[in-house]
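Me: I would like to work through this structure by question and answer. Please reason briefly each time and finish on the value or name requested.

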Number of protein chains: 2
Amino acid sequence: MAPKNRKRIVIIGGVACGPKAAARARRRDPSAEIVIIERGGNISYAACGLPYYIAGTVPEIGGLMTTAYGAAQDAAFFDAVKNVQVRIRAEAKAIDPKRKSVRIVSLDSGKEENLEYDKLVIATGASPVVPPIGGMNLKQVFLLRMPEEAADLRACIEGGRADKAVIVGGGRIGLEVADAFGAQAVETTIIELADQLLAGVIDRDMSDYVANALRAEKVAVRLNEKVLRLEGDESGKVSKVITDQGEIEADTVLVAVGVKPNIELAKAAGLMIGATGAIAVNDRLRTSEPDIYAGGDCVECAHRVTGDKVYAPLGSTANRQGRVIGDNVTGGDSVFPGIVGTSVMKTLGINIGRTGLTEDEAARRGIKTVVALSPGPDRSHFFPGGKNILIKLVADKESRKILGAQVLGPGDVVRRVDVIASVLTFGGTVDDLAELDLSYAPPFATAIENVAHASNIIRNKLDGLSEGIRPSSVRERIAAGEDFVILDVRTPHEIQKAGIDDPRVCRIPLSELRSRINETPRGKEILVLCQVGARAYEGARILRGEGFDDVKFIEGGLNLWNSTKPPEGKF
Amino acid sequence: MAPKNRKRIVIIGGVACGPKAAARARRRDPSAEIVIIERGGNISYAACGLPYYIAGTVPEIGGLMTTAYGAAQDAAFFDAVKNVQVRIRAEAKAIDPKRKSVRIVSLDSGKEENLEYDKLVIATGASPVVPPIGGMNLKQVFLLRMPEEAADLRACIEGGRADKAVIVGGGRIGLEVADAFGAQAVETTIIELADQLLAGVIDRDMSDYVANALRAEKVAVRLNEKVLRLEGDESGKVSKVITDQGEIEADTVLVAVGVKPNIELAKAAGLMIGATGAIAVNDRLRTSEPDIYAGGDCVECAHRVTGDKVYAPLGSTANRQGRVIGDNVTGGDSVFPGIVGTSVMKTLGINIGRTGLTEDEAARRGIKTVVALSPGPDRSHFFPGGKNILIKLVADKESRKILGAQVLGPGDVVRRVDVIASVLTFGGTVDDLAELDLSYAPPFATAIENVAHASNIIRNKLDGLSEGIRPSSVRERIAAGEDFVILDVRTPHEIQKAGIDDPRVCRIPLSELRSRINETPRGKEILVLCQVGARAYEGARILRGEGFDDVKFIEGGLNLWNSTKPPEGKF
């Protein structure tokens with residue numbers, strides 16, 4: 001039945017972007033007919049909360065499906081509060097853009113109908129990639145498509161049926177579930193095909209610290225390993241994961257090898273699909289059809305640093321897009337300016353955040369970068385309770401613009417990521433970042449904020465005041481048998497506790513370096529080492545001042561040196 | 001003796017800016033002679049840490065005087081590591097800019113000498129204002145000028161000689177010491193001359209929450225009260241504070257009525273002093289004399305939002321300025337772009353941050369503003385451990401630019417302040433702030449970040465979608481006997497727990513508002529109320545959609561309503 005006087009807005013997908021678009025559209029247009037079509041049994045739930053429900057941190061799955069004031073966000077709620085019709089367990093089968101209608105089937109009754117629309121919103125989300133391996137149908141193999149599956153997984157854990165888990169895929173979901181398994185004392189192995197965890201999210205060097213942190217918490221991390229198939233026992237329950245390097249016993253398997261946008265409906269309707277494989281939209285979130293909008297995990301977005309289209313599904317982005325769509329389907333003209341690739345997560349005691357471009361992403365674009373590796377406490381060193389964070393800051397060598405950052409550690413990662421994300425968005429330089437007037441008080445920050453310190457490292461490099469070398473490069477050069485001096489300028493007390501055992505190491509505390517300058521070997525390249533890098537930089541400046549030409553400081557110092565030694569290191 | 005071949009840089013002041021300038025100058029110039037003159041007995045200490053030492057949070061005062069790696073930052077350290085001469089207990093008596101020399105007197109020997117300079121740095125800091133009242137010399141009356149005084153105060157507390165303290169002045173230092181006294185179970189009264197705490201730092205409405213939070217922690221807060229004198233007992237120890245409203249028993253008094261820049265030396269040398277009363281410097285931190293630079297708590301800075309010069313002494317600013325000065329006294333050309341007025345503190349369980357302009361500051365400049373009051377949890381509501389924060393965001397009504405923000409509450413205030421400070425610095429609008437790609441994961445944030453939510457409230461107001469009214473205005477209008485309806489749209493369960501007891505209140509849960517629209521009184525102004533403001537906004541939209549014209553939502557809802565009732569409210 002065609003809409004008569006009232007405009008009809010049909011929204012396909014009821015998790016994040018869809019309900020937000022519906023709510024916003026209603027606030028702007030009191031009279032439109034608004035219909036949400038949702039294939040699953042729930043709407044408007046916090047899918048990002050599922051790992052914390054599995055962990056037991058969120059006690060009830062219902063908690064993910066209520067408002068902040070405790071009201072269930074179900075069809076009745078949307079009807080009563082928003083005057084939005086919700087049809088759950090209804091699947092959109094086809095869109096006819098010419099006739100402006102959607103064919104819908106009820107998954108319960110099998111009944112089909114055509115629903116005409118004035119404006120259509122596609123918010124079909126994404127689905128886990130199902131790898132083409134045998135055994136995916138075994139019991140206790142999970143993909144976490146829907147809240148029901150998370151409930152099943154937690155029931156397995158609480159019923160004592162999940163003691164030994166394998167997570168296939170070392171990406172964000174894999175690591176969040178590893179955290180949940182850790183909280184539930186489930187023995188966990190992560191198998192990752194790539195040579196690093198969080199591939200495409202953080203650089204390889206940063207991922208080493210993550211792998212070390214997981215190993216320190218007794219999570220087995222197996223990289224460069226390909227899962228061939230899953231095998232089950234006689235009861236049809238998974239019992240083994242077979243890889244190209246052996247087999248691992250497991251009573252529970254989570255497969256999290258990525259997600260793909262749900263584009264089938266859009267594609268079949270002839271809508272333009274972007275090179276990323278997600279639905280193409282303009283900055284108003286309109287698809288290639290004028291009356292069809294799309295948002296959330298099924299679309300690609302503009303990256304505000306590069307201008308490229310990227311696929312970066314995230315609940316926060318979906319919400320922002322829902323608001324823009326709600327405006328634009330009710331006569332507004334709102335713009336979604338894009339993203340800068342910010343994401344954050346926690347896993348087993350460390351927080352991991354990133355924004356902008358990684359060093360690797362910048363290199364692949366041919367951008368020349370300058371990088372700082374800056375470890376340090378997240379508040380004044382004299383204030384108790386401070387925790388470490390490591391900032392990797394990446395700037396453009398020519399323009400001095402901030403390109404991106406990765407921040408990790410047990411400390412307050414999120415604040416630094418958010419500040420850098422803000423500066424990135426405005427095209428700010430390392431100088432801008434260093435000169436921000438950020439909060440300072442001893443319980444919260446250091447007088448020179450960590451992000452300013454990282455910026456200053458880059459400024460010193462750009463201005464020729466310092467040259468750094470990364471611990472990983474020093475290790476490689478030691479392995480290659482190269483000749484140079486490592487000058488350890490820490491105190492004897494520190495040296496007693498830990499150090500580098502190598503004949504290249506020469507030890508002079510920074511406080512004695514000026515008076516013992518004659519003991520410093522001349523004519524050789526000198527790499528200065530301390531605990532976190534600041535004294536090494538100072539030592540390198542002293543040596544330069546004394547006429548030593550070939551001097552570098554080891555970035556991040558011994559803190560990062562140890563963490564690049566995979567088996568026992570801990571950030 | 002005149003410097004011969006080596007350039008000589010003399011720095012007056014050894015706490016924050018001075019040592020930083022010295023260290024930076026040394027890194028850039030290995031050969032210059034660098035001398036720091038410090039009147040006190042210590043250098044390079046964390047003065048901002050003193051309240052935490054008094055609290056016992058920082059166990060040893062020495063902790064404030066060491067590097068992060070535990071080395072004492074004394075004269076020997078500066079000599080050995082930085083090749084910087086430090087003269088402690090030496091006072092600069094006069095500067096002769098023509099002859100480029102400083103007259104110095106040793107406070108121990110009384111010996112005077114003239115020290116010539118090529119470049120001079122004035123980093124003389126600030127001193128507590130000493131009010132012109134009697135009794136300031138009594139025992140256990142503290143001003144916290146120097147670390148020694150903090151040590152004395154803590155000794156009094158630990159020796160059982162401080163049971164009843166009065167803090168004269170409800171500014172930042174006063175509240176930080178109130179926090180310290182709270183940690184040490186010292187009974188505390190704060191007396192403030194102004195009609196609010198943190199006058200000039202946060203707006204009056206926000207200060208009410210702070211006062212309530214302090215009162216909830218048993219701190220007596222007395223506003224609009226003038227201290228006339230301090231009285232002592234026969235032993236010469238303070239025993240009473242006499243005010244224009246009575247007398248308060250006290251065995252310990254902290255006087256913290258503000259700080260003033262130490263400009264006497266600069267003024268006597270004919271250097272230009274700004275209208276703020278602090279030393280005037282240009283954006284290179286050069287004074288009106290070409291070879292004299294100044295930084296830290298004795299100078300005024302440019303405010304990057306208004307362009308005005310302001311006096312805003314802070315340790316973090318002093319450090320940034322020290323770096324710029326270190327560059328510029330060694331042939332560099334670095335710019336200090338100014339500040340945006342960011343500050344943060346904690347007191348008795350609440351964190352208080354601010355950046356940019358307050359609503360009041362903007363109004364005094366004749367700027368028309370739009371304001372959001374947005375309370376909410378600092379992470380996803382379903383994730384345990386979230387704590388509330390209240391954001392007051394102020395934007396320019398014409399340009400939509402963010403002017404400033406105040407954030408307070410037990411939750412993560414600092415991150416939000418820093419993000420807003422970053423956006424302010426780049427001249428960003430509420431739209432820019434709302435569309436930032438900030439970190440999201442349930443343990444850290446909500447899918448719609450608190451700062452985006454506050455921005456959206458302002459956008460809705462600017463775009464005519466909503467009209468808000470503050471709880472304080474509603475209270476005033478009730479007191480004035482005005483006629484209107486307060487429509488409480490919370491659930492019956494919530495209403496049972498708390499509410500407003502007034503005949504104007506009409507109660508219809510949001511979920512029933514559409515179906516019971518006929519019960520809503522027509523022809524009267526309707527003010528919609530809920531717990532935090534979001535449902536009230538939604539309710540107001542529903543009423544507008546149903547043809548009600550005169551509808552406003554009560555901003556911040558019952559959360560802020562209760563907190564505006566001073567005696568028992570708690571944020």
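Me: At about what angle does helix 12 of chain A run to strand 23 of chain A?
Reply: In this predicted model, helix 12 of chain A comprises residues 450–462. This helix lies across strand 23 and strand 24 of chain A. Its direction relative to strand 23 of chain A is an angle of about 140°.

Me: How many bridges join strand 23 of chain A to strand 24 of chain A?
Reply: Strand 24 of chain A covers residues 388–396, and the two strands run antiparallel. Within this pairing, L373(A) stands opposite K392(A). The number of bridges joining the two strands is nine.

Me: Which strands are the edge strands of the open sheet with the order 21-22-25-24-23 in chain A?
Reply: This sheet has five strands, and their pairing is antiparallel. An edge strand here pairs on one side only. The edge strands of chain A are strand 21 (343–347) and strand 23 (369–377).

Me: Which helix of chain A packs on this sheet, touching strand 21, strand 22, strand 24 and strand 25 of chain A?
Reply: The helix in question makes about 15° with the direction of strand 25 (402–409) of chain A. It occupies residues 204–216 of chain A. It is helix 6.

Me: In the open sheet with the order 26-30-29-27-28 in chain A, which strands stand at the edges?
Reply: This sheet has five strands, and the pairing is parallel. Each strand at an edge has a single partner strand, so one side of it is left without a neighbour in the sheet. These are strand 26 (468–469) and strand 28 (505–507) of chain A.

Me: Which residue in strand 29 of chain A is the bridge partner of I486(A)?
Reply: Strand 27 (residues 485–488) and strand 29 (residues 526–529) of chain A pair in the parallel sense over four bridges. In strand 29 of chain A, the partner of I486(A) is L527(A).

Me: By what kind of axis are the two copies, chain A and chain B, related?
Reply: Chain B can be laid on chain A with an RMSD of 0.1 Å. The operation is a turn of 180° with a shift of 0.0 Å along the axis. The two copies are therefore related as by a two-fold rotation axis.

Me: Which helix of chain B gives the largest share of the side that touches chain A?
Reply: The contact takes 68 residues from chain B and 69 residues from chain A. The residues of chain B on this side divide into 38 nonpolar, 18 polar and twelve charged. The largest share, nine residues, comes from helix 10 of chain B.

Key. Residues numbered from 1 in each chain as written. Chains lettered and ligands numbered in written order. Predicted model: local features only at pLDDT ≥ 70, side-chain atom pairs only at ≥ 80, totals over all residues. Least-squares fit on C-alpha atoms with pLDDT ≥ 70 in both. Pairing = 2+ DSSP bridges. Contact = placed C-beta atoms within 7 Å. Axes fitted to C-alpha atoms, helices over the stretch in contact; angles between N-to-C directions. Nonpolar A, V, L, I, M, F, W, Y, C, P; charged D, E, K, R; others polar.
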